[in-house]
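Got your viewer open? Let's walk through this one stop by stop, with something to select at each.

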Amino acid sequence: MNTLDCLTTRRSVRAYKPDAVPAELIDKMLEAGTFAPTGMGSQSPIIVAITNKEVRDQLSKLNASIMGADTDPFYGAPVVLVVLARKDVPTHVYDGSLVMGNLLNAAHELGLASCWIHRAKEEFETEEGAAILAGLGIDASEYEGIGNCIVGYADGPEPEPKPRKEDYVYRIA
Ligand SMILES: Cc1cc2nc3c(=O)[nH]c(=O)nc-3n(C[C@H](O)[C@H](O)[C@H](O)COP(=O)(O)O)c2cc1C
């Protein structure tokens with residue numbers, strides 16, 4: 001798939017098979033994430049790759065509780081790649097968002113389904129979320145959660161994109 005096709009055909013998928021994703025595909029996604037541009041080359045983001053089912057389920061429950069629901073906000077996806085970024089870098093939200101974009105587009109190129117799931121910021125402001133990071137030697141107070149990139153194999157056809165709004169682009173020629 002060429003890059004332009006990848007960018008226009010990627011879709012957010014909200015139904016997943018439980019099938020595991022090969023580690024080499026996750027590694028390729030992670031590498032693509034780490035090559036996202038960052039302000040002044042700061043590399044302010046980090047990516048926490050969760051393939052462990054217990055931790056994946058724990059994070060799903062935490063995310064659901066933040067929005068006051070008891071559904072699985074990860075839609076059954078077996079893998080969650082959490083992007084966080086160093087709060088002390090002024091461009092950290094932009095940096096982390098581009099990492100998320102790279103992850104989503106890399107997933108599509110590799111034949112995987114994905115979706116950005118919100119509330120990563122709130123997840124790691126909780127004691128439970130901070131404890132997950134502490135287990136990796138990461139001090140949660142230094143980072144802001146940017147997004148959860150869920151990954152897996154689509155269970156069913158991928159959705160059609162909405163038409164693009166008419167006034168998306170303005171030109172000054
Ligand atoms: C910042 C951000 C937060 C999002 N949060 C969620 C979410 O919590 N749950 C969800 O199902 N989709 C979420 N999405 C996916 C969007 O709903 C999706 O990108 C949008 O509907 C357009 O669909 P497409 O990605 O297939 O083009 C989020 C996307 C972005 C960029």
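Start by selecting strands β2 (residues 79–86) and β4 (residues 143–152): they run antiparallel and are joined by 8 bridges. Strands here are DSSP E runs of at least two residues, helices are H or I runs of at least four, and both are numbered from the N terminus. Two strands pair if DSSP finds at least two bridges between them. While you're on this pair, pick L81, which stands opposite C149 in β4.

A word on ground rules: this is a predicted model, in which local features need pLDDT of at least 70 and side-chain atom pairs count only at pLDDT 80 or more, while totals for chains, interfaces and linings use all residues. Residues are numbered from 1 along each chain as its sequence is written, and side-chain values use heavy atoms, with hydrogens and water left out.

**Widen to the sheet.** Add the other strands and you have an open sheet of 4 strands, antiparallel in its pairing, with the order β1-β2-β4-β3. At the edges sit β1 (45–50) and β3 (113–117), each pairing on one side only. From one strand to the next, the twist averages 20 degrees; angles run from 0 to 180 degrees between N-to-C directions, with axes as lines fitted to C-alpha atoms (for helices, over the stretch in contact).

**Now the helix across it.** Select residues 92–109, helix α4. Helix α4 lies across β1, β2, β3 and β4, and its direction is at about 5 degrees to β4.

**Into the core.** Which residues touch the most other members of the largest nonpolar core? Try L59, V82 and I150, out of 22 residues in that core. A nonpolar core is a set of buried Ala, Val, Leu, Ile, Met, Phe, Trp, Tyr and Cys residues joined through side-chain atoms within 4.5 Å. Buried means under 20% relative accessible area, exposed over 50%, and partly exposed in between (1.4 Å probe, protein chains only). Elements giving two or more residues to this core are β1, α3 (53–66), β2, β3, α6 (127–134) and β4. A second, separate core has 20 residues, including L30, L112, I146 and C149.

Zoom in on L59: leaving out residues up to four places away in sequence, L59 touches I50, F74, V80, V82, E123, F124, I132 and N148. Contact means heavy atoms within 4.5 Å. Then click S60, in helix α3. S60 counts as buried because its relative accessibility is 5%. With the same sequence cut-off of four places, S60 touches D72, P73 and F74.

**Two backbone stops.** Most residues other than glycine have a negative phi. Q43 is not a glycine, yet has a positive phi of about 50 degrees. Look for Q43 in the loop between α2 (23–34) and β1; at 61% relative accessibility, Q43 counts as exposed. Next, go to R119, in the loop between β3 and α5 (120–123). Phi of R119 is near 75 degrees, again positive in a residue other than glycine. Is R119 buried or exposed? At 19% relative accessibility, R119 counts as buried.

**Zoom out.** Show everything: the protein has 6 helices and 4 strands, in the pattern α-α-β-α-β-α-β-α-α-β along the sequence. The C-alpha atoms fill a box of roughly 50 × 40 × 35 Å along the principal axes. Of the 173 residues, 41% count as buried.
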